[in-house]
Amino acid sequence: MVYSKVLKQKTRGDTDIINLTEQVAVVIRESKIKNGIVVVYVQHTTAAVTTSEYEPATLQDLKAAFEKLAPEDADYQHNHEYDDNGHSHIRASLLGSSVSVPIENGELTLGKWQQIVLLDFDNTPRTREVRIQIIGE
């Protein structure tokens, strides 16, 4: 069985980090799938999905790490040819657009501190589409 749903998520940009865990859990309950896998996928080139501890210090550390890896004020070719968000594309590419998590007995099998998070690296607020697809029985 396959169950899919698209979530619309408003973001602030500038490495906005949003906890999607409860929204994903709700979709799993809606699906009535008890055992399988859920894929959480953002279909944008300036946003990413991963797992992380969702507490203020870790969120600040993540933001600082991305600023070191792909500084906003660096000279990106993309900025010269298109728009001023080259850093956003690099950051999103480094992290990736999806995460997969096993489902057992209708529940996400995340670790004690793991949460599913969306990171919006763009430099303006957006409404992001996050696709949730559950495969199982």
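## Helix H2 and its two sides

In helix H2, Thr58, Leu59 and Phe66 are buried. Seen down the axis of H2, these buried residues fall within an arc of 100°, so they line one face of the helix. Pro56, Asp61 and Lys68, on the other side of H2, are exposed. This description rests on a predicted model, and the same holds for everything that follows.

The buried residues of H2 pack against strand E2 (16-19), strand E4 (47-52), helix H4 (86-95) and strand E7 (115-120). H2 lies across the three strands E2, E4 and E7, running at about 140° to E2. The helix itself covers residues 56-69, and at 1.5 Å a residue its 14 residues should span 20 Å, which agrees with the 20 Å between its end C-alpha atoms. At the start of H2, a side-chain oxygen of Glu55 comes to within 2.9 Å of the backbone nitrogen of Ala57.

## The sheet of three strands

The strands that H2 lies across are E2, E4 and E7, and these three form an open sheet in the order E2-E7-E4 with antiparallel pairing. The edge strands of this sheet are E2 and E4, each of which pairs on one side only. Neighbouring strands are turned by 30° against each other on average, with direction ignored.

E4 and E7 pair in the antiparallel sense over six bridges. Within this pairing, Ala47 has Asp120 of E7 as its bridge partner, and Ala48 stands opposite Leu119 of E7. Although E4 is an edge strand, E4 is mostly covered, with five of its six residues buried.

## The sheet of five strands and helix H1

A further open sheet has five strands in the order E1-E8-E3-E5-E6, again with antiparallel pairing. Its edge strands are E1 (2-11) and E6 (107-108), each pairing on one side only. Inside the sheet, seven bridges join strand E3 (residues 36-42) to strand E8 (residues 126-136), and the two strands run antiparallel; Val42, for instance, has Val130 of E8 as its bridge partner.

Helix H1 (residues 21-31) lies across E1, E3, strand E5 (98-104), E6 and E8, running at about 155° to E1. The buried residues of H1 are Thr21, Val24, Ala25, Val27, Ile28 and Ser31. Around the axis they cover an arc of only 160°, which puts them on the same side of H1. The spacing of such residues along a helix can be read against a general rule: an α-helix has 3.6 residues a turn, so residues three or four places apart point the same way. Just after H1, Lys32 takes a positive phi of about 65°.

## Thr11 and its surroundings

Where does Thr11 lie, and is this residue buried or exposed? Thr11 is found in strand E1, and because its relative accessible area is 6%, below the 20% limit, Thr11 counts as buried. Leaving out residues up to four places away in sequence, Thr11 touches Asp16, Ile18, Leu118, Asp120, Pro125, Arg126 and Arg128.

One of these neighbours, Asp120, also makes a polar contact with Thr11, in which the two side chains are joined at 2.2 Å. Asp120 has been met above as the bridge partner of Ala47, in the pairing of E4 with E7.

## Helix H4 and Ile90

The buried residues of H4 are Gly86, His87, Ser88, Arg91 and Ala92. What covers them includes E4, H2 and helix H3 (77-81), and H4 is in turn among the elements against which the buried residues of H2 pack. Just after H4, Gly96 takes a positive phi of about 110°.

Ile90 also lies in helix H4, but its relative accessibility is 38%, between the limits of 20% and 50%, and therefore Ile90 counts as partly exposed. Apart from its neighbours within four places in sequence, Ile90 is in contact with Ala70 and Tyr76. The C-alpha atom of Ile90 is separated by 28 Å from that of Ile134, a residue 44 places away along the chain.

Methods
Residues are numbered from 1 along each chain as its sequence is written. This is a predicted model: local features need pLDDT of at least 70, side-chain atom pairs count only at pLDDT 80 or more; totals for chains, interfaces and linings use all residues. Side-chain values use heavy atoms; hydrogens and water are left out. Two strands pair if DSSP finds at least two bridges between them. Helices (H or I, at least four residues) and strands (E, at least two) are DSSP runs, numbered from the N terminus. Contact means heavy atoms within 4.5 Å. Axes are lines fitted to C-alpha atoms, for helices over the stretch in contact, and angles run from 0 to 180 degrees between N-to-C directions. Buried means under 20% relative accessible area, exposed over 50%, partly exposed in between (1.4 Å probe, protein chains only). A polar contact is a pair of N or O atoms within 3.5 Å; within protein, one must be able to donate a hydrogen and the other to accept it, and residues adjacent in sequence count only if both atoms are side-chain atoms. The expected span of a helix is 1.5 Å times one less than its number of residues. The arc is that of the directions from the helix axis to the C-beta atoms.
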